[in-house]
Amino acid sequence: MEDKKTIFSGIQPSGCVTIGNYLGALRSWKELQNDYNCYFCVVDLHAITVKQTPQELRKRCVELYAQYIACGLDPEKNVMFFQSHVPAHSELSWLLTCNTYMGEMSRMTQFKEKSKKAGANVGLGLLSYPVLMAADILLYNTDLVPVGADQKQHLELARDLAIRFNNAYSPTFTVPEPYIQKNGARIMSLQDPLSKMSKSSENVNAFVSILNEPDVVMKKFARAVTDSDNQIRHDIVNKPGITNLIEIYSACTGKNIEQIEKDFEFKGYGDFKKAVGEAVVETIKPIQDNFKHIMQDKAYMEKCFTIGAEKASYTANKTLAKVQRKMGLASKKL
Ligand code: AQP
């Protein structure tokens, strides 16, 4: 196990996992667990950068942990835990914040986008959250971070902070590299195919959750925004809606784009949307069965996330202690 490279990744419990999170992230994490030392975290501290209802958030945290297991992540092979159960994340985040410049935070694209939605009262957490993400990664001597295009800028910050700290004090952090996923699809919103599918979207027809019932999935695909020429052709510029559906169908069935275009050459959008819906229903059905089963065994989950937090804390606290010492914080022994 020691010779393997380390991977850290997490999803925020800001909603139920979508087919975007699954096809773009979780499904490939499942492949990684055999070849890497993996830390899979439910990043609940990230979710509170926007307003949450406490009871709902608490419920979503547990459900997300269960969804990790339902999607095939094995708590015995990986370190799987809740971010808030390992206080070193918040502590390192502050220490790194003191080594971060305002300018590098305010130019983050995701901050600019999310703060527009937040209006006049933009929370400070929304600005500083990439530093928390850097802390998440750097605590575990992470070699590789699986990232989608939208997270590249944040990983770049984690690298910059690691290099800056290593140069200012002495070599401490492993500088993480992006892990480019093999079949990492980027799934777009069903209502606005120019924006990515997001679990926290206000329009429930914009995303398909992995726990949606079959009839709900079929309806959402039937309502998916497309264009009017009725040709099933992959063309990201002129036909983003149908292109997104082709990508989803391809990710679920394993068929390539040319094959799909050929199979549906003489069919209309109605038939294709039905086929995509069915392929998604079939893909998520085993996950839903697993999820129901896991949610009935709370004792098992509790055992898994307690052990996960213990293992994570062991490594995280070692890194944190090193950083505290190097920065000159008060010693516990004289
Ligand atoms: N639409 C997507 N297609 C492919 N991959 C996606 N990911 C997210 N959306 C898509 C990948 O899922 C992982 C976890 O993401 P996250 O929950 O930490 O944050 P996010 O990227 O902001 O995901 P959401 O669903 O859009 O959450 P909200 O609505 O809260 O902002 C990441 O690996 C991401 O690349």
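## Strands β1, β2 and β3

Glycine 10 stands opposite cysteine 41 in β2. Around that pair, β1 and β2 run in the parallel sense and share six bridges; two strands are said to pair if DSSP finds at least two bridges between them. The strand and helix names used here are DSSP runs, numbered from the N terminus, with helices being H or I runs of at least four residues and strands E runs of at least two. Five of the six residues of β1 are buried, which leaves this strand mostly covered. Buried means under 20% relative accessible area, exposed means over 50%, and partly exposed is in between (1.4 Å probe, protein chains only).

Before going further, a word on the model: it is predicted, so local features need pLDDT of at least 70 and side-chain atom pairs count only at pLDDT 80 or more, while totals for chains, interfaces and linings use all residues. Residues are numbered from 1 along each chain as its sequence is written, and side-chain values use heavy atoms, with hydrogens and water left out.

Strand β2 (residues 37-42) also pairs with β3, again in the parallel sense, over four bridges. One place to look is valine 42, whose bridge partner in β3 is phenylalanine 82. Strand β3 (residues 79-82) is covered on both faces: Val79 and Phe81 are buried on one side, and Met80 and Phe82 are buried on the other.

## The ligand and its shell

Let's turn to the ligand, which has 19 residues around it. A residue is counted here if one of its heavy atoms lies within 4 Å of the molecule. The closest are Ser14, Ile187, Ser198, Lys199 and Ser200. In serine 14, a polar side-chain atom lies 2.5 Å from an oxygen atom of the ligand. An N or O atom in the side chain of serine 198 is 2.6 Å from a ligand oxygen, and for the side chain of lysine 199 the corresponding distance to an oxygen atom of the ligand is 2.4 Å. The protein covers 93% of the 640 Å² of accessible area that the ligand has on its own; accessible areas come from the Shrake-Rupley method with a 1.4 Å probe, and for residues only the protein chains shown count as cover.

Which elements give two or more residues to this shell? They are β1 (6-11) and α1 (19-32). The largest share, four residues, comes from α1. By type, the shell divides into five nonpolar, nine polar and five charged residues. In this scheme Ala, Val, Leu, Ile, Met, Phe, Trp, Tyr, Cys and Pro are nonpolar, Asp, Glu, Lys and Arg are charged, and the others, Gly among them, are polar.

## Histidine 46 and cysteine 61

Is histidine 46, in helix α2 (residues 44-47), buried or exposed? Histidine 46 counts as buried because its relative accessibility is 3%. Its side chain makes a polar contact with the side chain of glutamine 83 at 3.3 Å. A polar contact is a pair of N or O atoms within 3.5 Å; within protein, one must be able to donate a hydrogen and the other to accept it, and residues adjacent in sequence count only if both atoms are side-chain atoms. Leaving aside neighbours within four places in sequence, histidine 46 is in contact (heavy atoms within 4.5 Å) with Gln12, Gln83, Tyr129, Leu132, Met133 and Asp136.

Cysteine 61 belongs to helix α3 (residues 54-70). With 8% relative accessibility, cysteine 61 counts as buried. Not counting residues up to four places away in sequence, cysteine 61 touches Pro13, Val42, Asp44 and Phe82. Val42 and Phe82 are the bridge partners met above. Cysteine 61 and glycine 15 are 46 residues apart in sequence, and their C-alpha atoms are 9.2 Å apart in space.

## Leucine 320 in helix α13

Further along the chain, leucine 320 lies in helix α13 (residues 298-327). Leucine 320 is buried, since its relative accessible area is 5%. Beyond residues up to four places away in sequence, leucine 320 touches Ala88, Glu91, Leu92, Leu95 and Leu139.

## Two asparagines with positive phi

Asparagine 141 is not a glycine, yet has a positive phi of about 50°. Asparagine 141 sits in the loop between α7 (124-138) and β4 (144-146), and at 28% relative accessibility asparagine 141 counts as partly exposed.

Asparagine 230 has a positive phi too, of about 65°. Its loop lies between α9 (214-222) and α10 (240-253). Asparagine 230 counts as partly exposed, with 41% relative accessibility.
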